[in-house]
Amino acid sequence: MIELRGVTKRFGAVEAVADLSFTVPKGQIVGLLGQNGAGKTTTLNILTGYMPPTSGQVLVDGMDMLTHSRACKQSIGYLPEKPPLYDEMTVRSYLAFVCELKEMHRKAIPAHVDEVMAVCGLTEVAGRVIGHLSKGYRQRVGVAQALCGDPPVLVLDEPTVGLDPRQVVEIRALIRQLGQTHTVIFSSHLLSEIQQLCQRVIILHRGRMVREADMQEMTDAGDVLRLRASIRGRQQELLPALLSLPCVRRVKPLKQQQSGVTEVSLECERDASPDAQTAIFRLLCAMDAPLMQLVTERDTLEEAFLRTTSAD
């Protein structure tokens with residue numbers, strides 16, 4: 001649906017984005033991650049047509065942003081970090097105004113505005129002046145204006161910034177709902193937010209893409225398989241036995257949760273033969289030590305992000 005090909009953006013001698021290429025297929029929620037100054041907002045401004053790239057190409061559903069600008073922009077709803085709201089207008093009149101700007105047929109606007117307000121939870125404040133709304137409702141109005149015209153792609157820049165915890169939960173739920181019917185690209189400093197909402201993650205670092213992967217691949221710890229095991233038996237016997245397995249790199253005892261049950265965290269060779277789970281099961285059977293639980297542990301997105309951006 002959205003494709004960037006070799007996109008570079010320079011501001012004088014500063015290269016904000018360098019040779020950036022990625023594709024966002026239809027129907028995915030994709031998170032854009034990066035430290036301050038990594039090029040996230042510049043990238044979003046380019047892919048929405050707000051600013052042109054110095055070089056490279058942006059394609060929306062196969063159309064070039066520069067040569068088919070109007071059609072491409074009609075396919076994208078954009079929520080900047082600071083929503084473009086008119087404080088003196090009511091919610092309903094503002095959204096109707098946005099629909100007019102997006103060249104909707106005038107007779108279709110009232111019903112469409114009602115639909116957008118219902119989706120964004122704004123019906124009860126439809127007649128309120130925007131300047132009198134809370135931060136959470138203002139952010140909802142910002143999302144609603146991005147939905148005007150029913151674009152298939154939504155681009156959201158820091159959609160939960162400045163919100164209180166309850167408002168953050170509400171906006172996250174709204175994004176999750178919108179992801180069922182739209183392609184969504186959004187940036188956030190909150191890695192837990194990206195991990196909860198996104199199927200795919202793109203990490204920018206110093207203007208370059210350093211990693212692109214789906215969430216499961218992103219949180220894999222490379223060639224290390226981490227397991228957590230609960231085993232009925234004595235710790236002083238189990239730890240050396242587990243460590244003796246060729247596939248086990250490290251064994252760390254954990255706090256005991258139940259009398260007579262040893263809790264351990266294991267780092268294993270991911271590609272060991274036989275696989276680590278099988279080797280552990282066979283060992284414990286031979287020791288007559290019942291395995292109560294064996295689960296795979298994954299990296300948090302924060303760990304994956306720090307590992308990726310500190311590689312250089």
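**View 1. Leucine 4 and its cross-strand partners in the predicted model.** Leucine 4 stands opposite valine 58 in E4. Across the E2 pairing, the bridge partner of leucine 4 is phenylalanine 22. In a regular strand, side chains alternate between the two faces of the sheet.

**View 2. Strand E1 paired with E2 and with E4.** E1 covers residues 2-11. Seven bridges tie E1 to E2, and these two strands run antiparallel. One E2 contact is the bridge of valine 7, whose partner there is leucine 20. Strand E4 spans residues 55-60. Five bridges join E4 to E1, again antiparallel.

**View 3. The E1-E2 hairpin turn.** Two residues lie between E1 and E2 in this hairpin. Glycine 12 sits in the turn. The phi of glycine 12 is positive, about 65°.

**View 4. The open sheet and its edges.** Four strands make up the sheet, in the order E2-E1-E4-E5. The pairing is antiparallel. Strand E2 (14-24) and strand E5 (63-64) stand at the edges. Each has a single partner strand, so one side of each is left without a neighbour in the sheet.

**View 5. Helix H1 and the glycine after it.** H1 takes in residues 40-47. Seven of its eight residues are buried, so H1 is largely enclosed by the rest of the structure. The buried residues are Lys40, Thr42, Thr43, Leu44, Asn45, Ile46 and Leu47. Glycine 49 follows the helix. The phi of glycine 49 is positive, near 85°.

Notes:
Residues numbered from 1 in each chain as written. Predicted model: local features only at pLDDT ≥ 70, side-chain atom pairs only at ≥ 80, totals over all residues. Heavy atoms only, no water. Pairing = 2+ DSSP bridges. Buried < 20%, exposed > 50% of the residue type's maximum accessible area, 1.4 Å probe, protein only.
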